[in-house]
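Colleague: I'd like to go through this one with you and hear how each label was earned. Let's take it piece by piece.

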Amino acid sequence: MNRGAIRHTPKSNMAFALDFNHLELVLQTGCNDFEKAEVIIGDPFHYTKTVTPDGVKWLWEGRKNPFLPMKKVYSTKDFDYYRVTYYTESKRTKYAFLLYTADEVYFYGSRALKRIGFIDQFEGLISQNPNLIFNLFDYFNYPYINEEDVYVAPSWVKDTVWYEIFPDRFYPGSKPREGFLPFGSVTEGITNDQFFGGSLKGITEKIPYLKELGITGIYFTPLFEAYSAHKYDTKDYFKIDPQFGTNEDFLELVETAHQAGIRVILDAVFNHCGWDFPFFQDVVKNKKASPYYDCFYIEDEDFINFPLDENGRPLRKDHTEPLKYRTFAMTPFMPKLKQSHPLIEEYLLKVVEYWMKNYHIDGWRLDVCNEVSHSFWRKFRSLVKSINPEAYILGENWDDSMAWLMGDQLDGVMNYELAYPVWQFFGQSESDTHIDACEFKALISQLLVRYPTSVTPNLFNLLDSHDTMRVLNRMGRNKALVKLAYLFLFSMSGAPVLYYGTEVGMEGGHDPDCRRCMIWDETKQDLDLFAFFKQLIVLRKNYPEMKEVDLVWHCAIDETILYQKGSLYFVLHKGSREKELALPNGLAGKTAKNLFTNEKKSLGKTIVLRPYQYFIFQVL
């Protein structure tokens, strides 16, 4: 037995309030170390008068009630994961775990793991010395479920199919404006200093296209006035960048999207501003005499220790040498904001209020969320939810994000933690470490217990974005692998995301090459891929099992995975050669419908898979 593998952390993703009366408990043990796990659980203050052979006693409810069995939900080569949901009327809970091998019983509480004895002696030992397992000082504690602390996300997010738009590169409109490069004229070597005239009016014209595809949510990269094409260097947070149009154009876009059943969220770049932000320019001019000097993290008054061009902008382009003021990454163009300063806090919260109340947006994506204080995000959330309790708060986090998902800050994060194993298993890129199906199964299983089951449905599941190479490039330009990767993504809990153009086979390397102009010429679009995505979206809408959190693994060998969600069986073979696959008992010998073709098929004990073949079978 691997004692070091046994782990439970209270008030975390392993002990989480799903709602006002339900706790979810997760326990990790070494793989195959135990036959089963149970929970001793109850209200620490709930005792009942009980008549025993020794007289009348007051017995704790956890001692009287049957032990609660835990379900082993996932296993890897190193760990087993058990989960249970418990209803608590009083909202107060103490609990400990009983772990059973073939012949021994162990008690795992807040202070120690201890062997109780052999199974055939267990009942007698406990009756003789109940403090072996009923001493509540040895128990984990969930003191109280306070309703204001419970994680609650917008009801609509889990059913959304998102579409990310990089505005300058999406569509200039049927009447393109002058002063921009011809749309689509640069396909290689694209930069953040090139402007192609993508506009809000152009996006509004394409709302019917998005509706036809099945999109129900749009995430816009920044729209506010800024110097660059990507707009992450904000100048004016209250103004739509004139390159995209006007504030009125944005209101028209939101209203048109809402009429089509499409929600809209904006990018909040609150970690840093742009070089041209008026507060920062006042500091550049007046140094410590500026009232905004302490709104930034500045080393000393001589912080501009690099040359400026004729327009007063940094000539420095490298991001390697330290600066004398804090910035996003190492770029002088993006000074870091001090959100704790009253002037910055007031300004940013007014930005939130302005766009939510006047333009009725449906939420925010928070850029570089993990570099901003938790304190600020709590204030941000309080304001957002006071204006619209159903607004979605999405963080840009690339790692485990549980610290932001406890109910007081975010509703979800960009789920790169899901993208990584998908890239590694299905992808062909030299920049990724490649894994086999067994390793893929382990990583996905660990991810499915990393977040509580109430959080997972609200994650933002993506495979590419404006910050990554395009998925077609990552898959070695193999369209069949793109289909497999997205079939897996759409079968997972959490809201799936398409980066503009993915649905028609757009290519692009790492940022900024991934930000090419959208292809609108149908003769250059991959219409087969478009039809595939359209069908995937319909299947996800029609079969709620695809949105469930948990899955059952039946096979994960080499290049093939087979797993089950409800009545649906997913078969994905990423190999370039045929493979004969043994079917699980629930599928072998049954009649099943292939959801992609609606064809009914009588299955044997095995199935021969062609290269890159996939199925969703529903047993009839």
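**Labels and the reasons for them**

Modeller: Let's start inside: the lining of the largest cavity has six nonpolar residues, four polar and no charged ones. Keep in mind that this is a predicted model.

Colleague: Which residues line the largest cavity?

Modeller: Asn415, Leu418, Leu447, Leu448, Tyr451, Thr456, Leu459, Asn461, Met492 and Ser493 do. Its volume is about 50 Å³.

Colleague: What makes a space a cavity rather than a pocket?

Modeller: In a cavity a 1.4 Å probe fits but cannot get out, whereas a pocket is open. The general idea is that rolling a probe the size of a water molecule over the atoms shows where empty space is left.

Colleague: How many cavities of 30 Å³ or more does the structure hold?

Modeller: Two. The second largest cavity comes to about 40 Å³, and it is lined by Asp464, Arg470, Val471, Leu472, Val482, Thr502, Gly505, Met506 and Leu529. That lining splits into five nonpolar, two polar and two charged residues. Gly counts as polar here, so Gly505 goes with the polar ones in that lining.

Colleague: And what lies nearest the centre of the second largest pocket?

Modeller: Thr187, Cys517, Met518, Ile519 and Lys524, out of 17 lining residues. By class, the lining has eight nonpolar, four polar and five charged residues. The space in this pocket is about 360 Å³.

Colleague: On to the rings. How many aromatic pairs does a search of the whole structure find?

Modeller: It finds 68. One of them is Phe107 with Tyr139, their ring centres 5.8 Å apart and their planes at 50°.

Colleague: Why is that pair of Phe107 and Tyr139 called tilted?

Modeller: Centres within 6.5 Å make a pair, under 30 degrees would be stacked and over 60 edge-to-face. The planes are at 50°, which fits neither, so the pair is tilted. Phe107 sits in strand β10 and Tyr139 in the loop between α3 and β12, 32 residues apart, so the pair links distant parts of the chain. Both Phe107 and Tyr139 are buried.

Colleague: What makes Phe615 and Phe617 a stacked pair, then?

Modeller: Their planes are at 15°, under the 30 degree limit, and their centres are 4.7 Å apart, so the pair is stacked.

Colleague: How do you know that Phe615 is buried?

Modeller: Buried means under 20% relative accessible area. Phe615 comes in at 9%, so it counts as buried. Phe617, at 0%, is buried as well.

Colleague: What makes you say that Arg313 sits over the ring of Tyr227?

Modeller: The distance part of the rule asks for CZ of Arg within 6 Å of the ring centre. The charged end of Arg313 is 3.5 Å from the centre of the Tyr227 ring. Arg115 also lies over a face, that of Phe118, at 4.7 Å from the ring centre.

Colleague: Why is Arg477 called exposed while Asp558 is partly exposed?

Modeller: Exposed needs over 50%. Arg477 has 53%, so it is exposed. Asp558 has 48%, so it lands in the partly exposed range.

Colleague: What is the sign of phi at Arg477 and at Asp558?

Modeller: Positive: about 60° for Arg477, although it is not a glycine, and near 55° for Asp558, again a residue other than glycine. Arg477 is in the loop between α12 and α13, and Asp558 in the loop between β23 and β24.

Colleague: Is the peptide bond from Asp511 to Pro512 cis or trans?

Modeller: Cis, with omega near 10°. Pro512 is in the loop between β22 and α14.

Colleague: Last one: why is Asp267 called buried?

Modeller: Its relative accessible area is 2%, under the 20% limit, so it is buried. Asp267 is in strand β17 and touches residues including Tyr219, Phe220, Arg365 and Asp367. Ser445, in helix α11, is at 0% and so counts as buried too. Ser445 touches Tyr74, Ser75, Thr76 and Trp553, leaving aside residues up to four places away in sequence.

Notes
Residues are numbered from 1 along each chain as its sequence is written. This is a predicted model: local features need pLDDT of at least 70, side-chain atom pairs count only at pLDDT 80 or more; totals for chains, interfaces and linings use all residues. Side-chain values use heavy atoms; hydrogens and water are left out. Helices (H or I, at least four residues) and strands (E, at least two) are DSSP runs, numbered from the N terminus. Buried means under 20% relative accessible area, exposed over 50%, partly exposed in between (1.4 Å probe, protein chains only). On a 1 Å grid over the protein atoms alone, a cavity is a set of points where a 1.4 Å probe fits but cannot get out, and a pocket is an open set with protein on both sides within 12 Å along at least five of seven lines; lining residues have an atom within 4 Å of a point. Grid points are joined across faces, edges and corners, and a volume is the space filled by probe spheres set on the points. Rings of Phe, Tyr and Trp (its six-membered ring) pair if their centres lie within 6.5 Å; planes under 30 degrees apart count as stacked, over 60 as edge-to-face and the rest as tilted. A charge sits over a ring if NZ of Lys or CZ of Arg is within 6 Å of the ring centre and within 35 degrees of the ring normal. Contact means heavy atoms within 4.5 Å.
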